Amino acid sequence: MKELGFTSLAENSLWGVGDRDFVVEFMMWASLTMTHISRMAEDLIIYSTAEFGFITLSDAYSTGSSMMPQKKNPDSLELLRGKSGRIFGNVCLVTSTSDSGSDISLNKMAGFLMTLKGLPSTYNKDLQEDKEPLFDSVDNVSASLKIAEGVIATLEVCPSNDIIICDLLSAQVHGEKMRQALTMDVLATDLADYLVRKGVSSLFVSVVQLLTHIPSLQIPFRETHHISGRAVALAESRQCQLNDLTLEDYKQLSDKFTEDVQSVFDFEASVERRQSIGGPSRVMIDRQVSVLRKLVQ
Amino acid sequence: MRLWLLDEVKDAEDSLKSLISVMVERADKEKDYLMPGYTHLQVCALPPCEFIRTDTICSEVNLFDGHIFCYLTHSPSATILNVYNSSPLVSPCCLWAAEHWQEIPSLLIVNS
């Protein structure tokens with residue numbers, strides 16, 4: 001038993017011949033794994049479009065369009081997304097009919113759970129239907145994982161803050177795209193946080209303080225959130241960025257704004273302020289990396 | 001078929017570990033690159049904090065490869081534990097499954 005790699009014996013012979021849970025279990029795992037691969041593929045497809053332009057797939061994992069030579073299609077990622085549907089079908093698809101018979105594989109392997117459902121105990125000849133869907137799931141999930149690794153290992157990231165080192169002819173365009181995507185309005189939350197630190201006060205709060213004799217306290221985020229929202233609206237109406245508004249503009253929204261408001265408009269600093277677990281600051285990325293490294297050791 | 005699948009599970013596990021390793025190393029190497037964060041496929045301009053899924057993107061600006069790759073890596077890494085759990089299930093013991101099936105969801109939650 002141990003030499004064969006099993007952890008225990010079959011204590012019941014009827015169960016031993018009739019059990020196919022291990023087949024279903026593997027195909028379920030393959031389905032869940034492919035769900036993750038498929039969602040990741042979708043993210044990367046979007047980021048690789050000309051509209052986003054954040055990443056470029058290596059030529060080995062993409063093809064030119066058959067019609068439009070300017071296009072570079074993310075075939076590998078689309079196939080990964082497509083394979084996921086096939087693997088779900090192996091385990092739980094009810095039925096699949098196709099007049100044209102174009103997708104023979106799916107027609108032949110219509111959901112192994114549907115074969116198991118309603119079978120009497122122990123062995124029945126129906127169980128031989130486990131082979132095709134299981135072999136198909138094994139082949140496709142193994143291939144998909146290897147392809148996903150190749151795609152990720154070779155894709156190029158077009159960074160926003162390293163435009164100069166990018167290739168001038170191709171990647172710089174992407175770099176500019178990424179830089180454009182980082183608009184100042186993404187820092188609106190930081191603007192609200194800034195006011196929280198400044199201890200902004202409103203008329204309502206002032207009246208409450210007057211009535212209750214509570215000394216001035218830091219004001220909750222929901223309050224500064226509204227002020228920040230008005231700043232965004234003002235910038236929008238003038239078709240400018242948040243950092244283009246003058247100090248006078250800001251002072252009209254709240255008297256707590258001072259010259260140092262410009263310090264808010266710094267993307268790197270914004271990221272570094274996210275220091276709690278799960279955040280994107282460098283120290284928290286390092287934490288995630290070390291957790292994941294341990295997992296695959 | 002159990003023996004055959006036992007070998008194949010080990011192969012799939014190796015492939016998954018290898019994929020995760022590549023992603024983690026890229027995340028570490030390229031953690032300084034910035035990109036916008038997205039929810040609902042939109043840049044999170046002035047997001048109400050309570051609506052941001054904590055497992056997605058917690059800030060409006062991300063270190064691209066660092067945060068996004070770590071996020072992308074966390075998803076499949078949850079399933080790696082499931083591979084470990086699949087291996088004993090290949091073993092011909094219904095008792096094992098009866099004793100341990102309840103642990104699988106909790107193991108996944110811990111790591112997802």
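What is the mean pLDDT of chain B, and what share of its residues reach 70 or more? The mean is 56, and 38% of the residues reach 70 or more; pLDDT is the predictor's confidence in each residue, from 0 to 100.

This is a predicted model, in which local features need pLDDT of at least 70, side-chain atom pairs count only at pLDDT 80 or more, and totals for chains, interfaces and linings use all residues. Residues are numbered from 1 along each chain as its sequence is written, while chains are lettered from A and ligands numbered from 1 in the order in which they are written.

Select residues 45-65 of chain B: pLDDT there is below 50. Continue to residues 78-112 of chain B, where pLDDT stays under 50. Where pLDDT is low, the predicted coordinates should not be read in detail. For the complex, the predictor gives an ipTM of 0.81 and a pTM of 0.75.

Next, select α8 (residues 188-198) and α10 (residues 221-237) of chain A; helices are DSSP runs of H or I, at least four residues, numbered from the N terminus. The two pack at about 130°, with axes 8 Å apart; axes are lines fitted to C-alpha atoms over the stretch in contact, and angles run from 0 to 180 degrees between N-to-C directions. Therefore α8(A) is oblique to α10(A), as angles under 35 degrees count as roughly parallel, over 145 as roughly antiparallel, 65 to 115 as roughly perpendicular and the rest as oblique.

Finally, display the side chains where the helices meet: A:Leu191 and A:Leu195 are among those from α8(A), and A:Phe221 and A:Ile227 among those from α10(A). Contact requires C-beta atoms, placed from the backbone, within 7 Å.

Key. Two residues are in contact if their C-beta atoms, placed from the backbone, lie within 7 Å.
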